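Student: I am new to this structure and would like to work through it by question and answer. May we begin with its charged pairs and then turn to the fold?

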Amino acid sequence: NGAWIYSRQGLQVQEGKEPWIIGTIPNTRTGIVSIPSFGGNIDEQTQKRKQFIDTFFSQKKENKWQNIIFDFRGNTGGDSEIIKEIAERMGNTSVKYADKSEKMNTQAAQKKKTECSSLRETLRECSHYRPISPTDKFLGSIYILQDEYNASATEGAIFMLSQLPK
């Protein structure tokens with residue numbers, strides 16, 4: 001309805017999809033993050049996703065967000081490891097990527113850890129938790145908008161964000 005004015009233009013991460021948008025609801029300290037799709041080739045999107053994360057944390061700090069709304073409505077899937085990095089930096093802790101564990105070949109896993117190079121391997125499979133800036137931590141409330149069109153990547157994103165205190 002035009003009530004929300006975004007403080008930044010959207011970032012076109014995938015061809016043919018709506019842009020990812022980060023903004024602040026006017027006259028509030030509430031940030032809104034719209035991610036219409038987690039799809040696409042993550043390795044090709046590495047720079048754009050890094051730019052999105054950098055913009056997210058700079059907007060959070062600049063606008064002194066006390067609440068954040070993640071709008072995943074219509075997100076039909078892909079891979080949501082970008083939310084893992086955001087959640088870990090906001091919570092200053094590791095978060096689980098999924099709510100179930102699997103038995104794995106530890107020798108193969110160790111080899112994979114030493115070979116990490118892509119964003120997916122770094123964020124999820126190798127689970128290298130990164131130290132954060134003191135301004136990355138978030139103690140406010142998180143709200144999530146979802147709908148019947150969400151796929152498993154959105155469910156994973158919601159699970160990761162649900163591990164934060166509020």
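Student: Which residue forms a salt bridge with arginine 49?

Tutor: This is a predicted model, and in it the closest N and O atoms of the pair are 3.9 Å apart. A salt bridge requires a side-chain nitrogen of Lys or Arg within 4 Å of a carboxyl oxygen of Asp or Glu, so the pair qualifies. Arginine 49 lies in helix α1 and its partner in helix α2, 32 residues apart. The partner is glutamate 81.

Student: Is arginine 49 buried or exposed?

Tutor: Buried means under 20% relative accessible area. Arginine 49 has 1% relative accessibility, so the residue falls under that cut-off. Its partner glutamate 81, at 0%, counts as buried too. Arginine 49 is therefore classed as buried.

Student: Which residue in the loop between α4 and β4 is paired with arginine 89?

Tutor: Arginine 89 belongs to helix α2, and its partner is 47 residues apart from it. The closest N and O atoms of this salt bridge are 2.9 Å apart. Arginine 89 has 16% relative accessibility and so counts as buried, and the loop residue is buried as well, with 4%. That loop residue is aspartate 136.

Student: Which residue is linked with Arg89 and Asp136 in a network of salt bridges?

Tutor: The count of salt bridges comes to six. Arg89 and Asp136 form one of them, and they also belong to a network. The further member of that network is Glu85.

Student: How does arginine 73 count: buried, partly exposed or exposed?

Tutor: Arginine 73 forms a salt bridge with aspartate 71, with the closest N and O atoms 2.7 Å apart. Aspartate 71 is buried, at 8% relative accessibility. Arginine 73 stands at 43%, and because partly exposed covers values between 20% and 50%, its class is partly exposed.

Student: What pattern does the chain follow along its sequence?

Tutor: The secondary structure comprises five helices and four strands. Read along the sequence, these elements follow the pattern β-β-α-β-α-α-α-β-α.

Student: In which sense do β2 and β3 pair?

Tutor: Strand β2 covers residues 30-34, and β3 covers residues 67-71. The chain passes from β2 through helix α1 (residues 46-62) to β3 in a right-handed β-α-β crossover. Five bridges join β2 and β3, and the sense of their pairing is parallel.

Student: Which residue in β4 stands opposite phenylalanine 70?

Tutor: Strand β3 also runs parallel to β4 (residues 141-145), joined to it by five bridges. Phenylalanine 70 is the bridge partner of valine 33 in the pairing of β2 with β3. In β4, the residue opposite phenylalanine 70 is isoleucine 144.

Student: Which element gives the largest share of the largest nonpolar core?

Tutor: The core has 28 residues, and those with the most contacts inside it include Phe70, Ile83, Ile86 and Met90. Phenylalanine 70 touches Ile83, Ile86 and Met90, among others. The elements that give two or more residues to the core are α1, β3, α2 and α5. The largest share, five residues, comes from α2.

Student: What percentage of the residues in the chain is buried?

Tutor: In strand β3, four of the five residues are buried. The chain as a whole exposes about 9,600 Å², with carbon and sulfur atoms supplying 47% of that area. Of the 166 residues in the chain, the buried ones make up 43%.

Key:
Residues numbered from 1 in each chain as written. Predicted model: local features only at pLDDT ≥ 70, side-chain atom pairs only at ≥ 80, totals over all residues. Heavy atoms only, no water. Buried < 20%, exposed > 50% of the residue type's maximum accessible area, 1.4 Å probe, protein only. Areas by Shrake-Rupley, 256 points an atom, 1.4 Å probe, with all protein chains shown as cover. Pairing = 2+ DSSP bridges. Right-handed = clockwise from strand over helix to strand, strands pointing away. Core = buried A, V, L, I, M, F, W, Y, C linked by side-chain atoms within 4.5 Å. Contact = heavy atoms within 4.5 Å. Lists of a residue's contacts leave out its neighbours within four places in sequence.
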